[in-house]
Amino acid sequence: MEKAILFLMPLLAVALIITPLVICLARKKQGKKVNIRRSIFANAGSFIGCMVLMICIMPVFAGAETADAETAAEAASGLAQGLQYIGAALSTGLATIGTGIAVGRAAPAAIGATSEDDKNFTKSLIFVALGEGVAIYGLLISILILFS
């Protein structure tokens, strides 16, 4: 029974993650209006939900298979290391998404301000550089998480 659940869980995760995309494509094929933002949020929500479900359920099955305390400690160590990698990936990924949003909005405004008056170049360059600094901070946090 446990092996069947361990086999079906990744398939369930893939199905839940792909479902919003399939619904979006089916609505588009029928000629209905498709809300892309809603589809992206649904896809991200199903992905995060699947990951939380996997994180919560998998240690239960891993703990059931381990008999003595030493192997249980090794399993907990493996889980901690996996969560450490997830934390490092999230800090880098979310920081770069924020950087993309910041630079995507600040750079066109900086170009427009510079085209109107050349004296605004240094001021606008500072705002673009501050947006890029967020990605560097996310990378530094990832390094601290991985090597601590």
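A residue counts as partly exposed when its relative accessible area falls between the limit for buried, under 20%, and the limit for exposed, over 50%. Tyr85 has a relative accessible area of 46%, and it is therefore partly exposed. The model in which this value was computed is a predicted one. Tyr85 sits in helix H3, and its C-alpha atom is separated by 7.0 Å from that of Leu146, a residue 61 positions away along the chain.

The overall fold can be set out briefly. The protein contains four helices and zero strands, and the pattern read along its sequence is α-α-α-α. Of its 148 residues, 15% count as buried. Among the helices, H1 spans residues 2-29, H2 covers residues 36-65, and H3 runs over 69-116.

It is helpful to turn next to the open space on the protein. The largest pocket has a volume of about 590 Å³. Its lining comprises 15 residues, and those closest to the centre of the pocket are Ala44, Ile48, Leu90, Leu94 and Ile97. Two or more lining residues are given by each of H2 and H3. H2 makes the greatest contribution to this lining, with nine residues. In terms of residue class, 13 of the lining residues are nonpolar and two are charged, while no polar residue takes part.

Helix H3 also features on the surface. A nonpolar patch is formed there by Ile55, Leu79, Leu83, Ile86, Leu90, Leu94, Ile97 and Ile101, which together present about 700 Å² of accessible area. Seven residues of this patch come from H3, the largest share from any element. Leu90, Leu94 and Ile97 belong to the patch and are also among the residues closest to the centre of the largest pocket. Leu94 makes a good example to follow in the structure. This residue lies in helix H3, and its relative accessible area is 57%, so Leu94 is exposed, the cut-off being over 50%.

Enclosed space is a separate matter. The count of cavities of 30 Å³ or more comes to one, and about 30 Å³ of space lies in the largest cavity. The residues that line it are Met9, Leu12, Ala13, Leu16, Cys50, Leu53 and Met54. H1 and H2 each supply at least two residues of this lining, with H1 giving the most, four residues. The lining of the largest cavity is made up of seven nonpolar residues, with no polar and no charged ones. The lining of the largest pocket, by comparison, includes two charged residues.

Helix H2 thus deserves one further look, this time through a charged residue. Arg38 is found in H2. Its relative accessibility is 63%, and because this value is over 50%, Arg38 counts as exposed. The C-alpha atoms of Arg38 and Pro20 are separated by 9.2 Å, although the two residues are 18 positions apart along the chain.

Terms used
Residues are numbered from 1 along each chain as its sequence is written. This is a predicted model: local features need pLDDT of at least 70, side-chain atom pairs count only at pLDDT 80 or more; totals for chains, interfaces and linings use all residues. Side-chain values use heavy atoms; hydrogens and water are left out. Buried means under 20% relative accessible area, exposed over 50%, partly exposed in between (1.4 Å probe, protein chains only). On a 1 Å grid over the protein atoms alone, a cavity is a set of points where a 1.4 Å probe fits but cannot get out, and a pocket is an open set with protein on both sides within 12 Å along at least five of seven lines; lining residues have an atom within 4 Å of a point. Grid points are joined across faces, edges and corners, and a volume is the space filled by probe spheres set on the points. Ala, Val, Leu, Ile, Met, Phe, Trp, Tyr, Cys and Pro count as nonpolar, Asp, Glu, Lys and Arg as charged, and the others, Gly among them, as polar. Patches are made of residues with over 30% relative accessible area and no salt bridge: like charges are joined within 9 Å, nonpolar side chains (Val, Leu, Ile, Met, Phe, Trp, Tyr) within 5 Å. Accessible areas come from the Shrake-Rupley method with a 1.4 Å probe; for residues, only the protein chains shown count as cover. A salt bridge is a side-chain nitrogen of Lys or Arg within 4 Å of a carboxyl oxygen of Asp or Glu.
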